[in-house]
Amino acid sequence: MAVKTECAVSQETHVLPLLNPQKRARYDLSKRVDAIPLFYAEMGGEELDRRISAARAALGERLVILGHHYQRDEIIKYADYRGDSFKLAQLASRRKNADYIVFCGVHFMAESADVLSGPHQKVILPNPAAGCSMADMANIAEVEECWELLHETLGDDAGIIPVTYMNSAANLKAFCGVNGGIVCTSSNAPKVIDWAFKQGKRVLFFPDQHLGRNTAAHYGIAADQMVVWDPKDPMAFDDAEEVLANSKIILWKGHCSTHMRFSVEQIEKARTDYPGINVIVHPECRQEVVNAADLYGSTEYIIEQIEKAPAGSQWAVATEINLVHRIAQENPDKFVFCLDPIVCPCSTMYRIHPAYVAWVLEELLEGNVINQVSVDDETAHWARVALQRMLDLA
Ligand code: 13P
């Protein structure tokens, strides 16, 4: 294949593929982690398609491509497996024969795949800038500070079990591993909370307060036993000792900006416009939205419910737009639309563009592993402990 020479030359020039030349000129590209060779950035869709297909075929069983449901169609079509974050974590732990796991998702998912995969396997995130703003709302220094303050206030008998949502950095998963805690995803959060309350008296849940609140309410925890922890203003409640002593769950003040767009008013409008409509939402939505919906669950759950519904049924869905469009396309016998009239893509998931996939695959063909996500051994060990506790509950 003639790629080698062309890549070697073009990699000297790094560009941002999705920006026009005037916008590109405003960035110092040497500081951008999402820079990509001009060679790929300027390539048309058909050429990218041809190259990705050829590279996939040439890499054969050595390669597995995982795609999260929020990826755009142009990426999902290359995925060997698609799934929610739980299913993709399971797949990463089971596909031990592939040398390369190309993870079309976001950074925390690729980290988890690295933690769960074998030592001989390399996990690649095509665009290293595909992060998650919610995951960034909790960092290890803040969580350690919170942990210390909670124990200072509640004393030796605090009985706190840390639970981190999958959408978190590997060092937060490791924190849970070290401290008797666990990881959860939106598909297994109820089981995980049940497990946590069998281990201790109360839960520290980070970083998504909404998944934490929805799950705790479902478990039967009263609103006055839920405390919101603001890492920017810790211990900022009156009567902190009493409030914390009465608490069953301490919810980190984090959120998903995409799911925050959904509202009860949108649900009311959908019910007025389409009497009899089914409303299904993701548990990262606010509690009042979840309460006003008919059903809620992970991306995989949303897909399954609509797939098995009778032909002619109508669905208003509150989750990321690429997934909602795909469900609509794949269920032409049903009426499916997004509750938010203004498009709500997950902008970080969208950073995985076919140009990046072509680039990393063709580099693999040349023996170069680029954009690898690798978690250091100690962090990986303890993160694996917390992830394995979750996988063992399945
Ligand atoms: P699930 O795919 O596990 O439902 O979670 C999606 C997600 O990460 C939303 O931010």
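**A covered helix, a ligand site and three cysteines**

The buried residues of helix α11 are Gln209, His210, Leu211, Gly212, Arg213, Asn214, Thr215 and Ala216. That makes eight of the eleven residues in this helix, which runs over residues 209–219, so α11 counts as mostly covered in this predicted model. Right after the helix comes Gly220, with a positive phi of about 105 degrees. One of the buried helix residues, Leu211, also turns up in the list of contacts made by Tyr165.

Next comes the ligand. Around it sit His68, Tyr70, Asp84, Ser85, Met109, Tyr165, Asn167, Ser186, His282, Glu284, Ser298 and Thr299. Three side chains each place an N or O atom within a short list of distances from a ligand oxygen: 2.6 Å for Ser85, 2.8 Å for His282 and 3.0 Å for Glu284. On its own the ligand has 300 Å² of accessible area, and the protein covers 95% of that.

How does this fit with the record? An unreviewed UniProt entry lists His68, Ser85, Tyr165, Met166, Asn167, Ser186, His282, Pro283, Glu284 and Thr299 under "binding site". Among these, Ser85 and Met166 help line the largest cavity.

Three of the listed residues are worth a walk through. His68 belongs to strand β3, which covers residues 63–68. With a relative accessible area of 4%, His68 is under the 20% cut-off and therefore counts as buried. Beyond its close neighbours in sequence (up to four places away), His68 touches Ile76, Gly83, Asp84, Ser85, Leu88, Cys104, Gly105, Met109, Thr299 and Met349.

Tyr165 is part of strand β7, residues 160–165, and is buried too, at a relative accessible area of 1%. Setting aside residues within four places in sequence, the contacts of Tyr165 include Met134, Val183, Cys184, Thr185, Ser186, Phe206, Pro207 and Asp208, as well as His282 and Glu284.

Asn167 sits in the loop between β7 and α9, the latter being residues 170–178. Asn167 is buried, with 8% relative accessible area. Apart from neighbours within four places in sequence, Asn167 is in contact with Phe108, Cys132, Met134, Ala135, Pro207 and Glu284.

Cys132 leads on to another set of residues. The unreviewed UniProt entry also gives Cys132, Cys256 and Cys346 as "binding site". They span 215 residues in sequence, yet no two of their C-alpha atoms are more than 9.2 Å apart, so the three cysteines gather at one spot. Cys132, Cys256 and Cys346 are also found in the lining of the largest pocket.

What about the surroundings of Cys132? This cysteine is in the loop that joins β6 (122–124) to α8 (140–154), and its relative accessibility of 14% makes it buried. Leaving out residues up to four places away in sequence, Cys132 touches Val106, Phe108, Asn167 and Thr348.

Cys256 is in a loop as well, between β11 (249–252) and α13 (264–273). Is Cys256 buried or exposed? At 13% relative accessibility, Cys256 counts as buried. Its contacts, once neighbours within four places in sequence are set aside, are Met134, Asp208 and Glu284. Glu284 ties several of these threads together: its side chain has an N or O atom 3.0 Å from a ligand oxygen, and Glu284 is in contact with Tyr165, Asn167 and Cys256.

Notes
Residues are numbered from 1 along each chain as its sequence is written. This is a predicted model: local features need pLDDT of at least 70, side-chain atom pairs count only at pLDDT 80 or more; totals for chains, interfaces and linings use all residues. Side-chain values use heavy atoms; hydrogens and water are left out. UniProt positions are given in the numbering used here, feature names are shortened, and annotations may be inferred rather than shown by experiment. On a 1 Å grid over the protein atoms alone, a cavity is a set of points where a 1.4 Å probe fits but cannot get out, and a pocket is an open set with protein on both sides within 12 Å along at least five of seven lines; lining residues have an atom within 4 Å of a point. Helices (H or I, at least four residues) and strands (E, at least two) are DSSP runs, numbered from the N terminus. Buried means under 20% relative accessible area, exposed over 50%, partly exposed in between (1.4 Å probe, protein chains only). Contact means heavy atoms within 4.5 Å. A residue is near a molecule or strand if one of its heavy atoms lies within 4 Å of it. A polar contact is a pair of N or O atoms within 3.5 Å; within protein, one must be able to donate a hydrogen and the other to accept it, and residues adjacent in sequence count only if both atoms are side-chain atoms. Accessible areas come from the Shrake-Rupley method with a 1.4 Å probe; for residues, only the protein chains shown count as cover.
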